[in-house]
Amino acid sequence: MTSATLLTPARTPSGPGGDRPGPASRAAERAYVRVLVVLDTAVLAVAILVGYVARFGEEKPMGSEIPYVVVAPGLLLAWLISLKALRCYDDQVLGYGADEYRRVSAASLRLAGGIAIAGYIADVGVSRGFLAISFAVGTVGLEVARFAARKRLHRARDRGKGWSRKVLVVGDTAHVLELVHTLRREPYAGYHVVGACIPDALLAPVPQRLGDVPVVGSFRGIPEAATAIGADTVAVTASGELTAARLRRLGWQLEGTGVDLVVAPALTDVAGPRIHTRPVAGLPLIHVEAPEFRGARKLVKGLVDRSIAFLALAVLLPLLVVIALAIKLDSRGPVLFRQVRVGQGGEEFGVFKFRTMVINADALLAELAARNETDGLMFKMRDDPRVTRVGKLLRKWSLDELPQLANVLLGQMSLVGPRPPLPSEVARYDGDVARRLLVKPGMTGLWQVSGRSDLSWEDGIRLDLYYVENWSLAADLTILWKTFGAVINSRGAY
């Protein structure tokens with residue numbers, strides 16, 4: 001998932017002094033890049049070896065004068081050059097977002113296409129089977145290795161370690177605080193705020209702090225402040241005093257310092273595919289496409305949802321039977337629990353779940369209302385006395401939600417979407433929150449892979465609205481993949 005705040009890079013040119021050493025975090029960045037180079041080299045070497053063995057076995061290729069002992073290292077070197085040429089080691093794409101994976105795949109596909117064309121023109125008899133297997137294994141291996149390296153980096157960043165960008169935030173106090181909050185909400189993105197610069201008029205003669213962020217200067221000395229605190233990135237947010245001319249001049253001042261300049265516009269919670277930058281009269285105008293709520297892609301999404309739901313129900317049928325027997329033996333009452341929820345367009349439907357509570361759970365809710373542990377319209381309680389023994393196990397592994405595959409098959413829900421709300425919640429929605437009803441609710445979603453019940457009401461709504469505005473089939477597949485990890489970790493499940 002992309003960051004909630006759009007950070008538009010505006011990397012400063014290296015200039016005459018571009019080869020001078022950068023801040024300390026640059027060393028950590030270079031170390032991470034070296035790890036990626038070693039990983040990529042190892043993966044590609046294995047892929048090429050697998051391609052050779054799979055095509056020729058242990059015997060020497062018959063009827064061919066091609067020296068594969070030379071071809072293999074040459075292919076490895078060309079592959080690494082292709083990765084470098086498509087900027088697969090650029091710090092702007094490393095560690096966060098999907099662009100890194102797209103560039104790795106593009107570098108492999110372009111090299112494969114180039115070799116195929118060159119081989120056809122030059123009539124070189126390199127085995128197509130060898131190349132096909134090598135590129136297939138290598139491309140998948142590169143993606144897996146990058147994913148593993150990124151996950152390790154994210155874990156290090158969550159612990160306050162690992163390579164992160166040290167950020168100096170510049171802007172009005174309110175916008176600085178908002179940007180700091182947004183960046184800290186996703187520490188694995190790698191933006192660590194180390195200081196702030198605010199307008200001259202707001203600067204006091206005594207040391208100031210915005211929350212726990214030290215104010216290290218005003219707009220007059222931004223480059224000096226960045227150098228003083230060891231920042232390698234200056235993030236500019238909204239401010240009336242930061243005119244276009246001053247922002248351009250700041251870019252000039254940062255030339256050759258090794259400090260990057262990024263701009264965080266007021267536009268938030270909009271994903272990259274909907275954003276296009278168009279230069280008009282020297283201005284980088286940001287064009288934002290409208291969300292897509294109908295059309296061919298929605299039809300494809302519905303078809304994919306129902307197909308996967310049908311296959312999942314067929315495969316999981318034995319497990320569903322075992323769960324049903326366990327519920328029946330554990331407590332009195334029906335196996336399935338059918339609750340009225342609100343779907344797309346405000347239409348009510350009955351969502352199916354395995355029963356995890358005692359049969360009089362609704363009657364006991366009023367007695368427990370004062371012990372609600374959420375800050376919004378939902379009721380959540382870690383040790384809810386209404387939950388049965390089997391129910392606790394089912395909730396821990398999210399097995400109670402498997403019957404919702406039937407709702408997906410009926411077209412009432414999607415595999416991925418916002419959380420299906422209760423009618424009582426919808427009755428209290430304001431205009432913004434009601435946008436959750438523009439799409440079908442989902443069995444899983446950004447709320448599921450981001451903490452589930454551990455999320456605040458505000459964060460849950462923010463994630464749901466983000467999905468509504470920026471959904472895509474690729475994002476759905478990513479969320480489904482992450483759901484398995486969220487279920488195994490059981491984070492926020494109660």
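# A walk through the predicted fold

At 9% relative accessibility, S398 counts as buried. This residue sits in the loop that runs between α10 (389–396) and α11 (404–409). Its phi is near 60°, a positive value in a residue other than glycine. As background, most residues other than glycine have a negative phi. Please keep in mind that the model you are viewing is predicted.

R87 also has a phi near 60°, again positive in a residue other than glycine. You will find R87 in the loop between α2 and α3. With a relative accessibility of 45%, R87 is partly exposed, because the buried class ends at 20% and the exposed class starts over 50%.

## The chain as a whole

Stepping back, the protein chain has 15 helices and 13 strands. Of its 494 residues, 44% count as buried. If you take contacts between residues at least 6 apart in sequence, 74% of them join residues at least 24 apart. The exposed area of the chain is about 26000 Å², and carbon and sulfur atoms supply 63% of that area.

## Parallel strands

Let us turn to some of the strand pairs. The table lists them with their bridges.

| Strand pair | Bridges | Sense |
|---|---|---|
| β2 and β3 | six bridges | parallel |
| β2 (165–170) and β6 | four bridges | parallel |
| β6 and β7 (260–263) | four bridges | parallel |
| β3 and β5 (213–218) | three bridges | parallel |

Where does β3 stand with respect to the rest of the structure? Seven of the eight residues of β3 are buried, so this strand is largely enclosed by the rest of the structure. The chain reaches β3 from β2 by way of α5, in a right-handed β-α-β crossover. For a residue-level view, V170 has C197 as its bridge partner in β3. C197 in turn has G217 as its bridge partner in β5. Following these partners takes you from β2 to β3 and on to β5.

Strand β6 (residues 233–236) is covered on both faces. On one side T233 and A235 are buried, and on the other V234 and V236 are buried as well. T233 is a handy place to start reading the pairing of this strand. It is the bridge partner of V167 in β6, and its own bridge partner in β7 is D260. The strands β6 and β7, together with helix α7 (residues 244–253), make a β-α-β unit that is right-handed.

## Rings and charges

The structure holds three aromatic pairs. One of them is formed by Y96 and Y188, with 5.8 Å from centre to centre and 40° between the planes, a tilted arrangement. Its partners come from distant parts of the chain, 92 residues apart: Y96 belongs to the loop between α2 (68–85) and α3 (99–122), and Y188 to the loop between α5 (173–185) and β3 (191–198). Are the two rings' residues buried or partly exposed? Y96 is buried, at a relative accessible area of 17%, whereas Y188 is partly exposed, at 26%. The labels part here because the cut-off for buried is under 20%.

Two arginines sit over aromatic rings. R165 lies over the face of Y191, 5.2 Å from the ring centre. R297 has its charged end over the ring of W471, at 4.4 Å from the centre of that ring.

## A contact on helix α14

Finally, have a look at L465, which belongs to helix α14 (residues 457–470). Its relative accessible area is 21%, which means that it is partly exposed, since buried means under 20%. Which residues does L465 touch, leaving aside its neighbours within four places in sequence? L465 is in contact with D432, V433, R435 and R436. Of R435 we can add that it lies 30 residues from L465 in sequence and 6.9 Å away in space, C-alpha to C-alpha.

Notes: Residues numbered from 1 in each chain as written. Predicted model: local features only at pLDDT ≥ 70, side-chain atom pairs only at ≥ 80, totals over all residues. Heavy atoms only, no water. Phe/Tyr/Trp six-rings, centres within 6.5 Å; stacked < 30°, edge-to-face > 60°. Helix = DSSP H or I, 4+ residues; strand = E, 2+ residues; numbered from the N terminus. Buried < 20%, exposed > 50% of the residue type's maximum accessible area, 1.4 Å probe, protein only. Lys NZ or Arg CZ within 6 Å of the ring centre and 35° of its normal. Pairing = 2+ DSSP bridges. Right-handed = clockwise from strand over helix to strand, strands pointing away. Contact = heavy atoms within 4.5 Å. Areas by Shrake-Rupley, 256 points an atom, 1.4 Å probe, with all protein chains shown as cover.
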